[in-house]
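Me: Please take up the model shown below and answer a series of questions on its helix packing, its backbone geometry and selected residues.

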Amino acid sequence: MKLTIRQIAELAGVSVTTVSQILNNKGSRFSEETRRRVLAIVEEYHYKPDFFASNVIKRHSKTIGMIVPDVTDAFFSKIVEGAERYMNPLGYMLVLCNSHQNQEKEIQFLEELAHRSVDGILLATPHLLPEAYQVESSFFQKTPVILIDRGINTRDTGRLIIKEYEGAYLAVKHLITQGHRHIGVLKENTGYYQLEERFNGYRLALKDAGIPFRKQYVASSDLTITGGYTAAKELLRRREITAIFCSNDLMAMGCYKAIYEAGKKVPEDVSVIGFDDIQFSEYMSPPLTTVMQPTFDIGFTAAKFLVDAIEYPRHRVPNKIFETRLIIRESTKTLTTKP
């Protein structure tokens with residue numbers, strides 16, 4: 001049975017005000033016996049506060065909307081986990097929306113969430129927002145929004161930037177240090193979530209080592225296991241390639257399959273490096289060398305920035321830069337002979 005505060009007060013033999021203050025940790029003037037009596041009834045009947053009623057009074061729903069391009073992508077699921085970890089202890093609930101990388105759906109969700117009076121929105125988007133929804137728009141003025149977009153949309157505050165360029169550079173430099181000169185790259189083919197910095201890091205690492213860039217060593221596909229498999233099959237036609245840098249760990253997983261189907265082994269015949277360090281990468285066979293980015297921390301920080309923007313609307317939302325780190329495991333090897 002769901003009780004109201006008034007019913008709890010009647011059962012405990014106290015006033016509604018007394019129950020309300022005890023539930024909101026403002027009951028220091030009440031005896032310990034009174035507190036225990038009220039809380040025992042709350043526990044017995046599994047009482048939960050009516051957030052709708054609270055919203056009417058405080059004009060806060062304690063609800064956050066979150067829009068992601070793909071809920072099945074391990075990168076975004078970890079961001080969602082980080083956001084929830086920060087918000088839930090504060091009493092905020094998350095409403096998750098999957099845009100399927102479609103900007104029309106993003107806009108639809110933005111309007112729908114605002115219509116449902118969420119306190120704020122976390123928007124993970126691979127798109128440049130249309131003018132009506134850009135940072136300086138009236139929509140952003142009415143509803144606090146934090147973007148998780150790799151800096152695609154120009155703004156002075158609230159930018160969450162990952163050092164992807166540096167991470168990719170270190171990955172390819174590691175392969176070069178191991179003696180590899182014929183290094184392929186699996187690249188995204190749609191501009192999805194703007195991973196161009198990873199490709200740029202690959203090219204500069206080659207340039208700094210005096211290794212010519214060969215466009216025939218670039219294969220583009222989706223940032224999925226299937227995409228990595230298809231692109232790697234194309235690259236493996238170049239028999240001289242001894243290493244492959246993948247734009248993310250999912251592509252690296254598909255790359256493994258293509259290598260094994262070609263009758264080769266990782267890393268004995270082809271070294272492989274991924275990017276993201278999602279959870280299963282260390283359980284691949286062999287464990288994947290990859291670039292770690294703090295995905296959980298990105299979600300956690302984005303949620304913190306949003307809650308601060310909701311509770312302290314006059315405060316400036318800061319910028320945050322996240323470091324990347326090369327995690328060396330067993331999927332690369334040093335060449336003993338010149339390729």
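The exchange below begins with conventions and then turns to helix pairs, backbone geometry and individual residues.

Me: What kind of model is this, and which pLDDT is needed for local features?
Reply: Residues are numbered from 1 along each chain as its sequence is written, and side-chain values use heavy atoms, with hydrogens and water left out. The model is predicted; totals for chains, interfaces and linings use all residues, side-chain atom pairs count only at pLDDT 80 or more, and local features need pLDDT of at least 70.

Me: At what angle do helix 10 and helix 11 pack?
Reply: Two packed helices are described by the angle between their axes and the distance between the axes. Axes are lines fitted to C-alpha atoms, for helices over the stretch in contact, and angles run from 0 to 180 degrees between N-to-C directions; helices (H or I, at least four residues) and strands (E, at least two) are DSSP runs, numbered from the N terminus. The axes of helix 10 (residues 225–235) and helix 11 (residues 249–261) lie 6 Å apart, and the packing angle is about 45°.

Me: Which class does the orientation of helix 10 and helix 11 fall into?
Reply: Angles under 35 degrees count as roughly parallel, over 145 as roughly antiparallel, 65 to 115 as roughly perpendicular and the rest as oblique. The crossing of helix 10 and helix 11 is right-handed (the near helix is turned clockwise from the far one by less than a right angle; anticlockwise would be left-handed). Helix 10 and helix 11 are therefore oblique.

Me: How many nonpolar residues are in the contact of helix 10 with helix 11?
Reply: Contact means heavy atoms within 4.5 Å. Helix 10 contributes Ile225, Gly227, Gly228, Tyr229, Ala232 and Lys233, and among their partners in helix 11 are Leu250, Met251 and Met253. Ala, Val, Leu, Ile, Met, Phe, Trp, Tyr, Cys and Pro count as nonpolar, Asp, Glu, Lys and Arg as charged, and the others, Gly among them, as polar. Beside three polar and three charged residues, the contact of helix 10 with helix 11 has nonpolar residues numbering eight.

Me: Which elements do the buried residues of helix 11 pack against?
Reply: Buried means under 20% relative accessible area, exposed over 50%, and partly exposed in between (1.4 Å probe, protein chains only). The buried residues of helix 11 include Asp249, Leu250, Tyr256 and Ile259. They pack against helix 10, strand 6 (183–188), strand 7 (218–221), strand 8 (243–246), strand 9 (271–276) and strand 10 (289–292).

Me: At what angle do the axes of helix 5 and helix 12 cross?
Reply: Helix 5 (residues 74–87) and helix 12 (residues 295–311) are oblique to each other, and their crossing is right-handed. The contact includes Phe75 and Tyr86 of helix 5 and Phe296 and Val307 of helix 12; its residues divide into 10 nonpolar, three polar and five charged. The axes come within 7 Å and cross at roughly 45°.

Me: How far apart are the axes of helix 1 and helix 2?
Reply: Helix 1 (residues 5–12) and helix 2 (residues 16–23) are roughly perpendicular, with an angle of about 105°. Ile5, Arg6, Ile8 and Ala9 of helix 1 meet Val16, Val19 and Leu23 of helix 2. The axes of helix 1 and helix 2 are apart by 8 Å.

Me: Which residue does a cis peptide bond join to Val266?
Reply: Most residues other than glycine have a negative phi, and most peptide bonds are trans. The bond from Ser285 to Pro286 is cis, with omega near -5°, and Pro286 lies in the loop between strand 9 and strand 10. In the loop between helix 11 and strand 9 is Pro267. With omega about 0°, the cis bond from Val266 leads to Pro267.

Me: Is Asp276 buried or exposed?
Reply: Asp276 is found in strand 9 and has a positive phi of about 125° although it is not a glycine. Its relative accessibility is 7%, so Asp276 counts as buried.

Me: What C-alpha distance separates Phe322 and Ile298?
Reply: Phe322 is found in strand 11 (residues 320–322) and, at 4% relative accessibility, counts as buried. Leaving aside neighbours within four places in sequence, the contacts of Phe322 include Leu160, Pro294 and Ile298. Phe322 and Ile298 are 24 residues apart along the chain, and their C-alpha atoms are separated by 7.8 Å.
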